[in-house]
Amino acid sequence: MTIETLPRPIAAAHAWRGPEMAARQDWIRPLTGAEIAALDAEVRRLDASGIDIAAIGPADMPVPALAGLIGEIRRQVLHAHGFILLRGLPVERWTTRQTAIAYFGLGTHLGEPVSQNGKGHILGHVKDIGMDYASPVHRGYQTAARLPYHTDSADVVGLLCLRPAKAGGLSSIASSAALYNAMLERRPDLLAELVRPVYRDRRGEVPAGAEEWYIVPIFNPMPGGGLITTYVRSTMRKAQRFPQVPRSTTALEAACDMLDALAESDEFHLDMDFQPGDVQLINNHWVLHSRTEYEDFPEPERRRHLFRLWLACAEGPALPEVFTTTWQGANANGRPGGILVPGVALNAPLEAE
């Protein structure tokens, strides 16, 4: 795609800027007392049943009192500006297993949980377990390092805060459509680099029959004026370890530098300081997310810990074919299937691994 053929600016509710959303704050949704009571009753019933968390589906948690909440989540995340922050899940009075049941069960009403890594985890843990972010086969969520703006491998990404850090660990998001529009206006020559396919490292999590890398553009304009974005710059850099992968160009590096700078600027991003019981849900195709470096408490039981979900949502936006063929594979509904490694069963561990 050339500068001349770049699609025009994206006009959609999910093309927002951070200061605008910070002023509105209608994306913060406190749970009501009735919703918490209904959820608590279901959690205790399921916990007593001994159910495997990985086996929970929407029929296992039929909670009519939560229908309005689930509808609001679906509208904001999948059809409006692309994110919501739920506030007030009573994690302080639940065990880890009960909290996982509540979070996982709610998630299944929005979409199908899919694997987040080569271990088949459909309940993930964002926690520093001493891994090295620079390693090609380690993931940023296993460290306390700053995570640059990026996307994941699902329709919706959810985070539940069990415990915040002693300092730092701020969550930040930015609209990919707003970033696209800014680059189109200011540097269309660099934007053209981001609609071309780029090589990325699979970080050792290789599906059956696939190469150790994959190829997909960062910005994927869609028919009808839509835009689907997938961006993990660290995987682009790590893919350079393979001799078969073409060398990155000066123009591509400059384009990524500009995209990073825009996302990090106060003009575009929105910050969230998680409290225990907060649940952030974002549309992964429309929103980039980031995290600042953090300092943990010395006591293991006080260290920062988030649960994570990757959800495949039947109501998600139309995607480029490459997302569910060359890159990820698809579930039964044709949505992104997460990271599937041969011979690995899906599971929901209660501790970080």
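These notebook entries cover the cavities and one helix pair in a predicted model.

**Entry 1, cavities.** I searched the whole structure for enclosed space and found 2 cavities of 30 Å³ or more. I then turned to the largest cavity, for which I noted a volume of about 110 Å³.

**Entry 2, lining.** I listed the residues around the largest cavity, and these are Ile70, Ile73, Leu86, Tyr103, Leu106, Gly107, Leu110, Val279, Leu281, Leu309 and Leu311. When I sorted them by element, I found that two or more lining residues come from each of helix H3 (67-79), helix H4 (96-108), strand S14 (279-283) and strand S17 (305-312). The largest share, 3 residues, belongs to H4. By class, I counted 10 nonpolar residues and 1 polar residue in this lining, with no charged residues.

**Entry 3, H4 and its partner.** Since H4 gives the largest share of the lining, I looked at how helix H2 (residues 33-49) packs against H4, and I recorded an angle of about 115° with the axes 9 Å apart. H2 is therefore roughly perpendicular to H4, as angles of 65 to 115 degrees count as such. I also noted that the crossing of H2 and H4 is right-handed.

**Entry 4, the contact.** On the H2 side I found Leu39, Val43, Arg44, Leu46 and Asp47, which meet Arg97, Gln98, Ile101, Ala102 and Leu106 in H4. By class, I noted 6 nonpolar, 1 polar and 3 charged residues in this contact. Leu106 is in my list for the contact with H2, and Leu106 is also among the residues that line the largest cavity.

Key
Residues are numbered from 1 along each chain as its sequence is written. This is a predicted model: local features need pLDDT of at least 70, side-chain atom pairs count only at pLDDT 80 or more; totals for chains, interfaces and linings use all residues. Side-chain values use heavy atoms; hydrogens and water are left out. On a 1 Å grid over the protein atoms alone, a cavity is a set of points where a 1.4 Å probe fits but cannot get out, and a pocket is an open set with protein on both sides within 12 Å along at least five of seven lines; lining residues have an atom within 4 Å of a point. Grid points are joined across faces, edges and corners, and a volume is the space filled by probe spheres set on the points. Helices (H or I, at least four residues) and strands (E, at least two) are DSSP runs, numbered from the N terminus. Ala, Val, Leu, Ile, Met, Phe, Trp, Tyr, Cys and Pro count as nonpolar, Asp, Glu, Lys and Arg as charged, and the others, Gly among them, as polar. Axes are lines fitted to C-alpha atoms, for helices over the stretch in contact, and angles run from 0 to 180 degrees between N-to-C directions. Angles under 35 degrees count as roughly parallel, over 145 as roughly antiparallel, 65 to 115 as roughly perpendicular and the rest as oblique. A crossing is left-handed if the near helix is turned anticlockwise from the far one by less than a right angle, and right-handed if clockwise. Contact means heavy atoms within 4.5 Å.
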